[in-house]
Amino acid sequence: MSTSTRPRLGPLVFAYALASYAVFFATFLYAIGFVGNLLVPRSIDSPALVPLGDALLVNLGLLGAFAVQHSVMARPAFKRRLARVLPAAAERSTYVLASSLALLALFWFWQPMGGVVWDLHEPFARGALLGLYAFGWGLVLVSTFLISHADLFGLRQAWLYMRGRPCPPLAFNTPGLYRMVRHPLYLGWLFAFWATPTMTVAHLVFALMTTAYIVVAIQFEENDLLAVHPEYADYRRRVPMLIPGPVRKARAAQAATQNLPHDTTRTTP
């Protein structure tokens, strides 16, 4: 797209990015209520409307559709095709918007399934799990700001495009929690999906499927990061994926040192 079109399209792209972000933020808030059965018209444990088998098929289909959308649109090949019809600065916002709409569809068409796997009544245990639930959502949000919240949700790209300025890729960095685990954002999702004092069958299906997706998605994401940031290989050797552990981290660092005894030029992120 020529630079002469940027002044004309820039405000539209930025408005599109803001609108996509607004949809994401509303979806994020609804997700907190959906998974935690809080203040939303349809939650993960609303009254069952269809037989168990039908509900399971619908829910697996919804989760599968979200996984396909979320993964396919994140692939570099899809991004290149999308850039043929949209300004590159709008690509991330389009991904955010599509992911938010896919989640909203999942929330709306989700079928509760009844049945209880566990139900804790002891006040301290219930309070602890609810605290971990809140911690998980907070960790998700904080993790996005540690990297670049504006870049992750397409606002930085659209803003620079509107200003007619280039948008260089972010440098590889490991701030704060990223020195303890490689994926604190995904760790936050796991807390949010599993920390519940009452685990129903529907919630268990949701937690199992999203956990499986997270484990697979990490492999694709790390391959993409390695392609762009070769230093990620050393970072991956040193820092655990999801579970913090100083012993494991120390052993990984020692192994990396033994494998590269003469490499004095390697930088540590």
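Here are three short exercises on helix packing and salt bridges in this predicted model.

**Exercise 1. Work out how helices α5 and α8 are oriented relative to each other, and what kinds of residues meet between them.**

*Solution.*

Step 1: Start with the geometry. Two packed helices are described by the angle between their axes and the distance between the axes. For α5 (residues 123-147) and α8 (residues 184-194), the angle is about 160° and the axes are 7 Å apart.

Step 2: Classify the angle. Anything over 145 degrees counts as roughly antiparallel, so α5 and α8 are roughly antiparallel to each other. The crossing of α5 past α8 is left-handed.

Step 3: Look at who touches whom. On the α5 side you'll find residues including Leu-132, Phe-135, Trp-137 and Val-140, and they face a set in α8 that includes Leu-187, Trp-189 and Phe-191. Sorted by class, this contact has 12 nonpolar residues, 4 polar ones and no charged ones.

**Exercise 2. Find out which parts of the chain the salt bridge between Asp-224 and Arg-75 ties together, and whether its two partners are buried or exposed.**

*Solution.*

Step 1: Recall the idea. Side chains of opposite charge can pair when their charged atoms come close. Here the N to O distance between Arg-75 and Asp-224 is 2.4 Å, and a salt bridge needs these atoms within 4 Å.

Step 2: Place the partners. Asp-224 sits in helix α9 (residues 201-228), while Arg-75 is in the loop between α2 and α3, so the pair links parts that lie 149 residues apart in sequence.

Step 3: Check accessibility. Buried would mean under 20% and exposed over 50%. Asp-224 comes out at 27%, so it is partly exposed. Arg-75, at 23%, is partly exposed too.

**Exercise 3. Compare the salt bridge Glu-222 to Arg-236 with the one between Arg-238 and Asp-234.**

*Solution.*

Step 1: Take Glu-222 and Arg-236, whose side chains meet at 3.4 Å, N to O. Glu-222 belongs to α9 and Arg-236 to α10 (residues 232-238), so this bridge ties together parts 14 residues apart in sequence.

Step 2: Check burial. Glu-222 has a relative accessibility of 2%, so it counts as buried, but Arg-236, at 32%, is partly exposed.

Step 3: Now take Arg-238 and Asp-234, which meet at 3.2 Å, N to O. Both lie in α10, 4 residues apart, or about one turn of the helix. Arg-238 is buried at 14%, and Asp-234 is buried at 5%.

Step 4: Look for shared partners. Arg-182, Glu-222 and Arg-236 are joined into one network by salt bridges. The count for the model comes to 7 salt bridges.

Conventions: Residues numbered from 1 in each chain as written. Predicted model: local features only at pLDDT ≥ 70, side-chain atom pairs only at ≥ 80, totals over all residues. Heavy atoms only, no water. Axes fitted to C-alpha atoms, helices over the stretch in contact; angles between N-to-C directions. Helix = DSSP H or I, 4+ residues; strand = E, 2+ residues; numbered from the N terminus. Parallel < 35°, antiparallel > 145°, perpendicular 65-115°, else oblique. Left-handed = near helix turned anticlockwise from the far one by under 90°. Contact = heavy atoms within 4.5 Å. Nonpolar A, V, L, I, M, F, W, Y, C, P; charged D, E, K, R; others polar. Buried < 20%, exposed > 50% of the residue type's maximum accessible area, 1.4 Å probe, protein only.
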